[in-house]
Amino acid sequence: MTLPRPAPAPLLLLLQLIATATITSALASGQIMNNTQAMAMALDVNEIPQRYDEAQLWRIYNISEAMQRQVPVGQVLEQKFGGNIWKENSKFLDISIGKEQLKAARSFLDAQRLDAQVLSENVQALIDEEHLDGINATAPEQGQRSKKAARSSMHWKDYHDLETIYAFMREIRSKFPNIVRLYTIGQTAEGRDLKVLRISENPREYKKIWIDGGIHAREWISPATVTFILYQLMSNWENQPAHIRGLTWYIMPVMNPDGYEYSRTTNRLWRKNRSPSRRSNCLGVDLNRNFDIGWAGYGSSTNPCSDTYRGSSPASEAETKVVTEFLAKRKYNLEAYLTYHSYGQMIVYPWAYKAVKVKDASVLQRVGNTAVQRIAQKTGSTYQSAVTHEVLGIAGGGSDDWSRAALGVKYVYTVELRDRGTYGFVLPPKFIKDTALEGWTVAETVAQAIG
Ligand SMILES: [Zn+2]
């Protein structure tokens, strides 16, 4: 389903001003605000792009000591100081704090004897840089007029909206009708389609590999990488080695389309989906805390306003439910589950929900190490392969753990793409190609391991 394009920001702002002025004068003259006016106001507020002017991105070390004193630093900064947690692991916490709360948040940290390293002085500047970089990279060269090609407008010089990604998937299907199948496996709370491509010369017999991206809305490099993997496969399918052509590939570039679009139009740092809650005005569930594995355990929240809200029950969300059902039906021969996230440059494997390694951890570590070495050779980037709970902390409800626990998938990896905190989620488009190549390298290495 195609949704209406949101009005450009200045128009919304104008509408908002008019609505506010109307309501203010109505209130002043003693009239009561009617439902339509109230709704118009509420809707506009939700759609005005969120700005992060002079918000800072901090990295705070040694939070485990404060935790031992029963002070959950991330939670306090999130709930009391409006902080936005970017990343929390066993070593540090990355969190952005709005301009107005900087002083108070600093005082809180001082009282806890914690220090914050400032990764960015102005988060909005990062967002603006990302935006401009994309415009510059895609601007037609001087003297050249932009060509309106009939083909899909896919490229990896910039990030794309959902419709461009879906058009690219349709194009692949129509170019390779004999080996590609395009599934619409369900719809989101806001009515967007959930789409999966299957590429296979022999779906009944070949071993299967699943690849997904975009579980978390703001991790734009993830759908960019997964579409690049699709491109790498299909642009040269006839010449791919046997270990690639001999697999059935399931590819879902955007598991959270509602969140993805919201992060593009309204709030760049949005993480969850956009489903409403019965007991709160806060929207959204963290889909990677909503899978039916260790669901009520550590690392997720019962608070609908939290960025790691786990939902009302396991697989309560349409996205989680349909992916779970789709994969459960195809678990025969399903050998690999790869899920792409950002950021941190890591290739991690189960478990995440408990502090235990899987029995075949040595195999997963070896394949992970091979991918790390190949990435270093190809792009020079340093990745690390490890058990999830050791480097990212314990968290239940993740898709990776679920695929191993429920379906017995062997090669299960969560890939945390670039970077390591300079730009975080707001990775400028000039880094897309190399990062996507790193993501492809992991997929290629795992395909080879399946053999
Ligand atoms: Zn993520």
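A residue is called buried here when its relative accessible area is under 20%, exposed when that area is over 50%, and partly exposed in between (1.4 Å probe, protein chains only). The model is predicted, so local features need pLDDT of at least 70 and side-chain atom pairs count only at pLDDT 80 or more, while totals for chains, interfaces and linings use all residues. Numbering starts from 1 along each chain as its sequence is written, and side-chain values use heavy atoms, with hydrogens and water left out.

**Salt bridges**

Let us begin with the charged pairs. A salt bridge is a side-chain nitrogen of Lys or Arg within 4 Å of a carboxyl oxygen of Asp or Glu. The whole structure holds 18 of them, and here are three:

| Pair | Closest N and O |
|---|---|
| R268 and E130 | 2.9 Å |
| E201 and R245 | 2.9 Å |
| R404 and D360 | 3.0 Å |

Helices (H or I, at least four residues) and strands (E, at least two) are DSSP runs, numbered from the N terminus. R268 sits in the loop between helix 10 (257-265) and helix 11 (318-329) and E130 in helix 6 (residues 123-138), so their salt bridge ties together parts that are 138 residues apart in sequence. Both R268 and E130 are buried.

E201, in the loop between strand 6 (193-199) and strand 7 (207-213), is 44 residues apart from R245 in helix 9 (residues 242-245). E201 is partly exposed at 34% relative accessibility, and R245 is partly exposed at 23%.

R404 belongs to helix 14 (residues 399-407), and D360 to the loop between strand 10 (346-349) and helix 12. R404 is buried, with a relative accessible area of 14%, and D360 is buried at 17%. Elsewhere, E190, R192 and D258 are joined into one network by salt bridges that share partners.

**Helix 5**

Now for a helix with two faces. In helix 5 (residues 102-111), the buried residues are L102, A105, F108 and L109. They lie on the same side of the helix because they cover an arc of only 125 degrees around the axis, taken from the directions from the helix axis to the C-beta atoms. The face turned away from that buried side carries the exposed residues K103, D110 and A111. Just after helix 5, R113 has a positive phi of about 55 degrees.
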